[in-house]
Amino acid sequence: MATRRKGGSGDRDTYTKIEDPTENKKLLGPEQSYLFGNLLQIDDKSHLSWTKWSEELGAVYEISLGPMGKAIVLSGADEIAAAYGPGSENDIKFSDRWRPPILEKIGYAGSITWEDWLEGAKQRKHLLHEVFKSMDMEGLFKNEVDAVCEVLSNKELVDVCELLNQANNNILLSITLNRGDRYEYTDDEFKTLSEVILANNDRSLIGSPVNLMHCLWHTPFYNSTRRDLEKLKTTIQPYIDSHRADFDRENIRDLIDGYLGGIGETSFDVQEVIINISSLFPSACSLRATMQYIILFVISDDDVQKKIQEEIDRVLNDATEEYDEVLADKIPYINAVIKESLRLASPVGQLLPHCPIKDTKFEGYEFKKDTPIFTNLWGPNHDPENWPDPYVFKPDRWLDTDDLPTFVPLGSGLRQCGGYPVAFKALRILTFTVFKRFHLKSVEGEKLPTLEDSFMLAGTTHPNHFNVTATHRVS
Ligand code: HEM
């Protein structure tokens, strides 16, 4: 029997009891149609459907994906912690990926994100982390945030979403193929790479008609997708070739170098880097969406912005000093703002689809091998039992709360986000630096987007566009 702590509400000392896992329980599901099961009832923001159904069906239930078979939905904080708790038996059991059939057409072989949790996927994720270690990630984020600040400084009105999209693309290009350097936002090469790599990311993978009728892939409807995939290969190939020419094993500058060098005795086919670059971009859309939400929430509440700036002024010795990661533990309020933004916006409303590696039992339910598991983060992150006023931005709720095993905005365990070692660093550098240098304000007469004013891109919720004006705090 497992017991886990709830949190975030002052009820930190209460414990939830999980029922006896040997018990046999039947998975319930919402009413479904004969041909398409529940497919046509699923909202574009599918986490909202998972949340709605969980109110009636509980934290673990079953849905039908029509011709694609059944899927399980996990929609409770305790169940999520039980399923993916690092080092737990379940974490290994649920570590494979379910892949929507369209991925067979687009290609996923060799990708960190979509491969099953076999030796190859482990090694590739390890490789990515080794590349992070060999690069100056802090310097890279700081350079990009400097460029963001320059735009804030020079333009009267700044479209924050657009600016952070560019910053995010640049960060990903630095990590993957630009040898740790950055492009100017006006650079044509930067524009082409961003466009080519992100092409097709606005298409839903799970909702693709190809999943139901595979032959559609060969129809003109998918001509442009097939062309985009070809273009991706021909665009990235010259970067692989030029890296080969000046490769130095002692100086791994980016992911392409990482692939050329391998790790230890393990080597990889460098051509795989193409699929990984294209699948890292949608993964990292979560970074840009989180950055956008942080700015949005902070400018929506003057008191929050003031508290951030008071904390900054407290930890710096003088106005010329800049953020350094040694300060990471000394900025509880900024860390709270970041966590609260990840909770309230839940930009990644659900984990990528997992599936059991074999027939197994979980909390008394039978799960069949290869059945997709959709894991809802949005529902638990807005559960009023754990988070009083769940739709209100309250960073203070984090100040006396330790990290909670039930709050996993980047997933946890074996399939935890591949960007985990660097994502919070990037968010701290951005939040600290921008609000150290500027006071940001919304534009008079322009309504800021609410949580509902959002759209999905690459499985991540983004706020609709909004503008800010920036005033220098220190010269
Ligand atoms: C705040 C920013 C980010 C958030 C909220 C986020 C969130 C997530 C989540 C929830 C998952 C799914 C985990 C699962 O299925 O169990 C994931 C997977 C992944 N993310 Fe992130 N992510 C962020 C930034 C990044 C960045 C910057 C990168 C790369 C540079 C990245 C690379 C990946 C990869 C490779 C995976 C797949 C891991 C695997 O399948 O083992 N992410 N991310």
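**Burial, sheet and ligand shell in a predicted model**

Trainee: Which word fits T461, buried or exposed?
Mentor: T461 has 22 other C-beta atoms within 10 Å. A residue is buried at 20 or more other C-beta atoms within 10 Å of its own, exposed at 12 or fewer, and partly exposed in between, with C-beta atoms placed from the backbone. The count for T461 therefore makes this residue buried.

Trainee: How is the chain numbered, and what pLDDT do local features need?
Mentor: Residues count from 1 along each chain as its sequence is written. This is a predicted model, in which totals for chains, interfaces and linings use all residues, side-chain atom pairs count only at pLDDT 80 or more, and local features need pLDDT of at least 70.

Trainee: What does the chain average in pLDDT?
Mentor: pLDDT is the predictor's confidence in each residue, from 0 to 100. Over residues 1-17 it stays under 50, while 95% of the residues score at least 70. The average for the protein chain is 92.

Trainee: Which residues does T461 contact beyond its neighbours within four places in sequence?
Mentor: T461 belongs to strand 13 (residues 460-463); strands (E, at least two residues) and helices (H or I, at least four) are DSSP runs numbered from the N terminus. Contact means C-beta atoms, placed from the backbone, within 7 Å. With those neighbours set aside, the partners are K45, A289, A345, P347, G349, S454 and M456.

Trainee: What radius of gyration does the protein chain have?
Mentor: The radius is taken over C-alpha atoms, and the globule rule is 2.2 Å times the number of residues to the power 0.38. For 475 residues a compact globule would come near 23 Å, and the chain agrees with this, at 22 Å.
The C-alpha trace spans about 65 × 55 × 45 Å along its principal axes; the radius of gyration is 22 Å.

Trainee: How many of the residues of helix 2 are buried?
Mentor: Helix 2 covers residues 77-84. Its buried residues are A77, D78, E79, I80, A81, A82, A83 and Y84. The helix is thus largely enclosed by the rest of the structure, since the number buried is eight of the eight.

Trainee: Which strands stand at the edges of the open sheet with the order 6-14-11?
Mentor: The three strands of this sheet pair antiparallel, where pairing requires at least two DSSP bridges between two strands. Strand 14 (residues 467-472) is joined to strand 11 by five bridges and to strand 6 by two; H439 has T471 as its bridge partner, and D159 stands opposite N467. Having a single partner strand each, so that one side is left without a neighbour in the sheet, the edge strands are strand 6 (158-159) and strand 11 (438-442).

Trainee: Which helix gives the most to the shell around the ligand?
Mentor: The ligand is surrounded by 23 residues, the closest being S286, G411, C417, G418 and G419; a residue is near a molecule or strand if its C-beta atom, placed from the backbone, lies within 6 Å of it. Six residues of the shell come from one helix, spanning residues 272-299: helix 11.

Note on methods: Two residues are in contact if their C-beta atoms, placed from the backbone, lie within 7 Å.
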